[in-house]
Amino acid sequence: MKLPVSTEWLLHCATSLAQLESGATVSAAQLAQYFDLPAAYLAKQLQALVKAGVLAATTGPRGGFRLARPASEITLLQIVEAVDGASSPYECREIRQQGRGALPAEECRSRCILAEKMAEANEAWRHSLAATSLAEIIAALPPSAPSRTRLRLTGTP
């Protein structure tokens, strides 16, 4: 499975926002500069997290983005689904019933074993992401990371 690069961006942006003081906001331009990303495209991607209820956005001179809920209530799966959707990355097209190697219909009454295993793998991946909150990610960072992030992102420790 290969996810779009914007998924990585938004996972890192949400993790950075989770390290800010409660209520603090950061603009898309600040996040873009912090990660050396294209600001206009990042701003568009951040809107997907706003739409999904992961981030809140405020306008105006002191506006920007912040977490919409506590970091403990935001999972990695919510972020991934906001960007990539919830559909399975594998679609079985039943090629086992095509071509010179086609199996007889009576051998294809049950679900394709490959489709079954791919669905199991996708479910395990999704379960792992759903079980991991931003708060857990922050807790796993080096102790100096949040203050360093705040300083470099907002100019305040």
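# A guided tour of the helix packing, a buried strand residue and the cysteines

The crossing of α1 and α2 is right-handed, and this pair of helices is a convenient place to begin in what is a predicted model. Select residues 5-18 for helix α1 and residues 28-35 for helix α2, and you will see two axes that come within 11 Å and cross at roughly 110°. That angle makes α1 roughly perpendicular to α2, since values from 65 to 115 degrees are counted in that way. Now show the side chains where the two helices touch: H12, C13, S16 and L17 on α1 meet L31, Y34 and F35 on α2. Sorted by class, this contact has 5 nonpolar and 2 polar residues, with no charged residues.

Keep α2 on the screen and add helix α3, residues 39-51, which packs against α2 at an angle of about 120° with the axes 9 Å apart. The two helices α2 and α3 are therefore oblique to each other, and their crossing is right-handed. On the α2 side, select A28, L31 and A32, which meet A39, L42, A43 and L46 of α3. The contact of α2 with α3 has 7 nonpolar residues, and neither polar nor charged residues take part in it.

Before leaving this region, pick out D36, which is found in the loop between α2 and α3. Its phi is near 55°, a positive value in a residue other than glycine, and at 70% relative accessibility D36 counts as exposed.

Next, move to strand β2, residues 64-67, and select F65 within that strand. At 7% relative accessibility, F65 counts as buried, because the limit for that class is under 20%. To see what surrounds F65, leave aside its neighbours within four places in sequence and display its contacts, among them L17, A24, T25, V26, L46, Q47 and V50. A28 is also in contact with F65, and A28 is one of the α2 residues that meet α3. If you then measure from F65 to A14, 51 residues apart along the chain, you will find their C-alpha atoms separated by 9.4 Å.

The next stop is the pair formed by helix α4, residues 76-84, and helix α5, residues 113-130, which pack at an angle of about 120° with their axes 6 Å apart. The helices α4 and α5 are therefore oblique to each other. Show L76, L77, V80 and E81 on α4 together with W125, R126, L129 and A130 on α5, for these residues make the contact. By class, the contact of α4 with α5 has 6 nonpolar and 2 charged residues, and no polar ones.

From here, follow the chain into the loop between α4 and α5, where E94 lies. Phi of E94 is near 55°, which is a positive value in a residue other than glycine, and E94 is partly exposed, with a relative accessible area of 23%.

Finally, turn to the cysteines and ask how many disulfides the structure holds. The structure holds 0 disulfides. Select C92, which is in no disulfide, and notice that the nearest cysteine sulfur, that of C112, is 4.2 Å away; a pair would have to lie within 2.5 Å to be counted. C92 is partly exposed, with a relative accessible area of 30%. Select C108 as the last residue of the tour: C108 is likewise in no disulfide, and its nearest cysteine sulfur, that of C112, is 8.2 Å away. Is C108 buried or exposed? With a relative accessible area of 11%, C108 is buried.

Note on methods. Residues numbered from 1 in each chain as written. Predicted model: local features only at pLDDT ≥ 70, side-chain atom pairs only at ≥ 80, totals over all residues. Heavy atoms only, no water. Axes fitted to C-alpha atoms, helices over the stretch in contact; angles between N-to-C directions. Helix = DSSP H or I, 4+ residues; strand = E, 2+ residues; numbered from the N terminus. Parallel < 35°, antiparallel > 145°, perpendicular 65-115°, else oblique. Left-handed = near helix turned anticlockwise from the far one by under 90°. Contact = heavy atoms within 4.5 Å. Nonpolar A, V, L, I, M, F, W, Y, C, P; charged D, E, K, R; others polar. Buried < 20%, exposed > 50% of the residue type's maximum accessible area, 1.4 Å probe, protein only.
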